[in-house]
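Thanks for asking me to take a look with you. Below are some numbered notes to help you find your way around.

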Amino acid sequence: MQEHREAITGMSILVAVVDAGSLSAAAAKLGMTSSAVSKQLSRLEARLGIRLLQRTTRRMQLTEAGARYCERARSILESIESVEREAESVQDTPHGTLRVTAPTVLGQVQVMPVVLAFQHAYPAVKVHVELSDRRIDLVEEGIDVAIRMTAQPPSAFVARRLGDDRRVLCASPDYLARAGRPRRPSELTDHDCIVFVAGQPVETWHLRATEDAEHTSPIRVSGRLHVNNTHALRQAALAGLGIADLPRYLVEEDLAAGRLEAVLGRFIPVGRGVFAIYAPAPYVTAKVRRFVEMLEKTFRGGVAEWRTS
């Protein structure tokens, strides 16, 4: 049994080194030191009696025997993972660690309440959350569920639609009193528009006359203020610095209280779908299944529950 455990450990480390391209990169991913990784590889080679890797100061390359062994090791490890997923899927009670990522503001406002409710409902699950607007590789970073706003979810993954990124053009009453209220989209070019920066400034807004209209009107906008955070975008609009394209969930209370007013209400900014995305597998684990179910219920207008029914 000990020999089997050592064999699986060796296989895992070899595959990690080959995939990462270097001992140091594999060590960082595995949470080990480079010397420990090197020692494990040497033990594996000694046990097999063959050289698996040719290592120099500049590069590392599989030997012919190493390439064959690595291919078989990868297949064995994938089979073990499949068996574990099958066993976990049979168990209906979520357990283990759930890794979730979401865009920063959407995550803070709409996803974190679900995470907190999930933690109360399933205390046996550890949840790691990364709220970030950077593009995260789900497979590379071991993410179980990613919440994404996109018009086209990646075809290589399972994508469950949670809702729509409904948006509204809005400005403060003070700004509209000073600058006037645009009556048609083309008049936006004469206004201060607060520009959101996502890598590059988003200086073209796409509007449509109704939610189901196919035709969209691209409008080139500009303004004195560029920001890369949606909360900051809202703050600037409240401060009277111009017209902003904001998610409705973030400004619903501001609109109701009159702190912000909708602009060009007949024209709707083109939004995207909000999706829960996770890697396809023959067996979906209970923790992923339950978390996505809770996301779906909450995004449909339900309340995140702290206890299972």
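Which residues lie nearest the centre of the second largest pocket? Point 2 gives the reply, after a word on the whole chain.

1. **The overall picture.** Please keep in mind that this is a predicted model. The protein chain has 309 residues, and 37% of them are buried. Its secondary structure consists of nine helices and 16 strands. Among contacts in the chain with a separation of 6 or more, 71% join residues that are 24 or more positions apart.

2. **The second largest pocket.** Met149, Arg167, Phe196, Ala198 and Arg272 lie nearest the centre of this pocket, and its lining comprises 32 residues. The volume of the pocket is about 930 Å³. Sorted by class, the lining contains 15 nonpolar, nine polar and eight charged residues.

3. **Where the lining comes from.** Several elements each supply at least two residues of the lining of the second largest pocket. The helices are H5 (104–121) and H7 (230–238), and the strands are E5 (145–150), E8 (195–198), E10 (204–208) and E13 (244–247).

4. **Thr150.** This residue is part of strand E5. Is Thr150 buried or exposed? Thr150 has a relative accessible area of 18%, so it counts as buried, the cut-off being under 20%. A polar atom of the Thr150 side chain lies 3.1 Å from the backbone nitrogen of Gln152. Apart from residues up to four places away in sequence, Thr150 touches Arg272, Gly273 and Phe275. Arg272 is also one of the residues that lie nearest the centre of the second largest pocket.

5. **Val251.** You will find Val251 in helix H8, which covers residues 248–257. Its relative accessible area is 0%, so Val251 is buried. With neighbours within four places in sequence left aside, Val251 is in contact with Val168, Arg234, Leu246 and Leu260. Val168 is a good one to trace on your screen: Val251 and Val168 are 83 residues apart in sequence, while their C-alpha atoms are 8.7 Å apart in space.

6. **Leu176.** Helix H6 (residues 173–179) holds Leu176. This leucine is buried, with 8% relative accessibility. Which residues does Leu176 contact, leaving aside its neighbours within four places in sequence? They are Ala171, Arg181, Pro182, Glu261 and Val263. You can also look for Gly242, which is 66 residues from Leu176 along the chain, with 8.4 Å between the two C-alpha atoms.

7. **Leu264.** The loop between strand E14 (261–262) and strand E15 (268–269) contains Leu264. What is the phi of Leu264? Its value is near 55°, which is positive in a residue other than glycine. Most residues other than glycine have a negative phi. Leu264 is also buried, and its relative accessible area is 8%.

8. **Helix H9.** Residues 286–299 form this helix of 14 residues. From first C-alpha to last, H9 reaches 20 Å, close to the 20 Å expected at 1.5 Å a residue. Why can H9 be called largely enclosed by the rest of the structure? Ten of its 14 residues are buried. Among them are Ala286, Val288, Phe291, Val292, Met294, Leu295 and Phe299, and also Lys287, Glu296 and Thr298. Just after H9 comes Gly301, with a positive phi of about 110°.

Terms used: Residues numbered from 1 in each chain as written. Predicted model: local features only at pLDDT ≥ 70, side-chain atom pairs only at ≥ 80, totals over all residues. Heavy atoms only, no water. Helix = DSSP H or I, 4+ residues; strand = E, 2+ residues; numbered from the N terminus. Expected span 1.5 Å × (residues − 1). Buried < 20%, exposed > 50% of the residue type's maximum accessible area, 1.4 Å probe, protein only. 1 Å grid on protein atoms, 1.4 Å probe; cavity = no way out; pocket = protein on both sides within 12 Å on 5 of 7 lines; lining within 4 Å. Points joined across faces, edges and corners; volume = space filled by probe spheres on them. Nonpolar A, V, L, I, M, F, W, Y, C, P; charged D, E, K, R; others polar. Polar contact = N/O pair within 3.5 Å; in protein donor to acceptor, adjacent residues only side chain to side chain. Contact = heavy atoms within 4.5 Å.
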